[in-house]
Amino acid sequence: MKKTILLVLLSIINFSALAEVVYSQNDDNQLQKEELLNDLIAIMGKNGSVSYVANHEKYLLWTNKAAVLFDSRENVYKETKLPSFTMISDQNSQQLQKIFEQQTGLILTKDQIAGILIADPNEGAIMYYREGYLSSGPKKVDSKVAPAVIIYHEFSHAKDSLLSSFYFTEMATQFDKRYKNHAEKSAVNQQNDFVLTAQSLGISVGGLRQSYGQNDLVKVLDPWTIP
């Protein structure tokens, strides 16, 4: 059912090639990711976060792992596989340029890079309430979602950063008891919009997120499977 609906949508809407989302040269998931991007655009349309990022002039690297976490104690960048979006900045520009060159072969200037998105297309999540929100204790399940939802969440961060890197940075520093900060609140709202839109098309990708807390990642069969 899901694939039939998406094929119909894609036959109606003609999208340009996703030239500004790039992948690692040795990425075994590249074809799967490219198909998923087209599916997400078909569901959310030209105003969705994935379409905005994919058709932007700046390059976004979507990879399964990258050394984007800076350890100030050891003064080194450490590799992570955790779902995330890292916006390029004055502080990390040399590291992100290095990652782009190593993983894609592209030699880009700082102004050509949007950032690096990390997300495994076959890793769903059990999401927990933010501890303290509505008197929630640790490990109280909020909902479960397919990998497509996690990926849409990270693309929403990327969209917000491309709309305004200054405002995105400001949002990330504004505390929110329910959503951790305003950047996460924005991404959760866009994530929930994707879940509702998919449901309206008969595609179940999981539940709505009520707050932003801890996640447990779970391997699944494909980007549309709910743990």
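What volume does the second largest pocket have? About 260 Å³, and we will visit it after its bigger neighbour in the ranking, the largest pocket, at about 760 Å³.

Before you click, note that this is a predicted model, where local features need pLDDT of at least 70, side-chain atom pairs count only at pLDDT 80 or more, and totals for chains, interfaces and linings use all residues. Residues are numbered from 1 along each chain as its sequence is written, and side-chain values use heavy atoms, with hydrogens and water left out.

A pocket here is an open set of points on a 1 Å grid over the protein atoms alone, where a 1.4 Å probe fits, with protein on both sides within 12 Å along at least five of seven lines; lining residues have an atom within 4 Å of a point. Points are joined across faces, edges and corners, and the volume is the space filled by probe spheres set on them.

**Stop one: the largest pocket**

Select P83, S84, H157, E184 and Y212, which lie nearest the centre among 29 lining residues. Next, colour the elements giving two or more residues, including β7 (123–128), α5 (147–163) and α7 (182–200). Helices (H or I, at least four residues) and strands (E, at least two) are DSSP runs, numbered from the N terminus. The top contributor is α5, with five residues.

**Stop two: the second largest pocket**

Now pick S24, N26, T63, K65 and Q103, the closest to the centre of the 16 lining residues. Show β3 (66–71) and α4 (93–104), the elements that each give two or more; α4 gives the most, five.
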